[in-house]
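Please look over the structure shown here before reading on. A student and a tutor then talk through some of its details.

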Amino acid sequence: MENHLRTLLDDIKNGHRLSESEALDLFRIRNRHVWEIAKSADEVREQRVGNAVTYVRNQNINVTNICINSCGFCGFSKKPGDDSIYYHNKSAIQKKAALAKIREVSEICTVSGLHPDFNAQYYCDVYRWILEAVPGIHLHASNPMEVAYAAKKSQLSTYEVLVAMKKAGLGSMCGTAAEILVDSVRKKICPQKITTDEWVRIIREAHALGIPTTATIMYGHCESDEDRARHLSILREIQDETHGFTEFVPLSFIHMNTPLYRSGIARSGATGREDLLMVAVARLFLDNFKNIQVSWVKEGIKMAQLSLIAGANDLGGTMFEESISKGAGATNTDYLDPAEMQRVADDVGRPLRRRTTLYELF
Ligand code: SF4
């Protein structure tokens, strides 16, 4: 394996495109060779995007935590009648948006529970309300599941919903709800969610309409290494065709308050080795992605920093008001001060640069 690994890593540097089975071999490495993979990924990162560690000033507005679905990994959603449900109306949403202005954020994200009363018109209204309060802000909102839900509720096609959302001001779409793009896993962790084919179709539709999206994976629960390699393969294939993904964001499973963990179906999240390899293998495999983001919300700032020397180039957002990972049991998810990002970037000898959602530098 040792020689095979060295040859493979050299080949990648010379332009070899990793196959899915080679990515699988890399995910299976368990010993000190993890560092060699990380080192190669770091070199590829430097070649492809340079040394800057980027971040965006952003804020979440989670409109409601009421959701008709019951995904097993979700500690955020509530049912009508549960304790601590919330729903923000127009005036509350606009107050939050106004706060974003004071905080000088350039991006507002809205992803919420699938409220029984929401439809396509409602999602578009939310976008308009936000833009009314903060004209010119970039709206990074929705995801393929919300688009499918809005389409169903309004008896429209998903394409028509995306057209309406774009008209209402959607700047880019979240590539969440991808979880693991393997239906046998989706059936276990989120049986009410859209299928792999639907997720892929909606993402392709968004890209065709000029709506860029992120690409995500949620790993560390009950998926196999094969499932992870398959997932990356699907993302790379879409990107070859559309070039519509702005970045890849690995999301490490936060297990504590989730039904999936409590029922024994999922393990207690990814290990440090797995977190590091997810970033490094993604950097090596996704040769058509410029940006690999590490989520400090999911991994904590220390693991996020290590990921910056294992293939990642972006620290994500300042966040302000994170509630999805917090609901699942993560702590300290509300806000990361750029001063702390600066300390972390300085410590690995790299410059920190603020960016827009679409990776233009300030
Ligand atoms: S992950 Fe999203 S769709 Fe699933 S239960 Fe949670 S809020 Fe609802």
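The exchange below turns to aromatic rings, charges over rings and enclosed space.

Student: What kind of model is this, and how are its residues numbered?
Tutor: This is a predicted model, in which local features need pLDDT of at least 70 and side-chain atom pairs count only at pLDDT 80 or more, while totals for chains, interfaces and linings use all residues. Side-chain values use heavy atoms, with hydrogens and water left out, and residues are numbered from 1 along each chain as its sequence is written.

Student: How many aromatic pairs are there?
Tutor: Rings of Phe, Tyr and Trp (its six-membered ring) pair if their centres lie within 6.5 Å, and planes under 30 degrees apart count as stacked, over 60 as edge-to-face and the rest as tilted. By this rule, the number of aromatic pairs is seven.

Student: Why does the pair of Phe-245 and Phe-289 tie together parts that are apart in sequence, and how many residues apart are they?
Tutor: The rings of Phe-245 and Phe-289 are stacked, at 5.4 Å centre to centre and with 20 degrees between the planes. Helices (H or I, at least four residues) and strands (E, at least two) are DSSP runs, numbered from the N terminus. Because Phe-245 belongs to strand 7 (residues 245-252) and Phe-289 to the loop between helix 12 (272-285) and helix 13 (296-308), the separation in sequence is 44 residues.

Student: Is Phe-289 buried or exposed?
Tutor: Buried means under 20% relative accessible area, exposed over 50%, and partly exposed in between (1.4 Å probe, protein chains only). With a relative accessibility of 1%, Phe-289 is buried.

Student: Which kind of pair do Phe-248 and Phe-289 form?
Tutor: Their ring centres are 6.5 Å apart and their planes stand at 85 degrees, so the pair is edge-to-face.  Phe-248 is in strand 7 and Phe-289 in the loop between helix 12 and helix 13, 41 residues apart, which links distant parts of the chain through a pair that is, as found above, edge-to-face.

Student: Which residue lies over the face of Tyr-359?
Tutor: A charge sits over a ring if NZ of Lys or CZ of Arg is within 6 Å of the ring centre and within 35 degrees of the ring normal. At 3.8 Å from the ring centre of Tyr-359, the residue over its face is Arg-355.

Student: Which helix gives the largest share of the lining of the second largest cavity?
Tutor: On a 1 Å grid over the protein atoms alone, a cavity is a set of points where a 1.4 Å probe fits but cannot get out, and lining residues have an atom within 4 Å of a point. The lining of the second largest cavity includes Val-63, Phe-118 and Glu-146. Its largest share, four residues, comes from helix 5 (residues 120-133).

Technical notes:
On a 1 Å grid over the protein atoms alone, a cavity is a set of points where a 1.4 Å probe fits but cannot get out, and a pocket is an open set with protein on both sides within 12 Å along at least five of seven lines; lining residues have an atom within 4 Å of a point.
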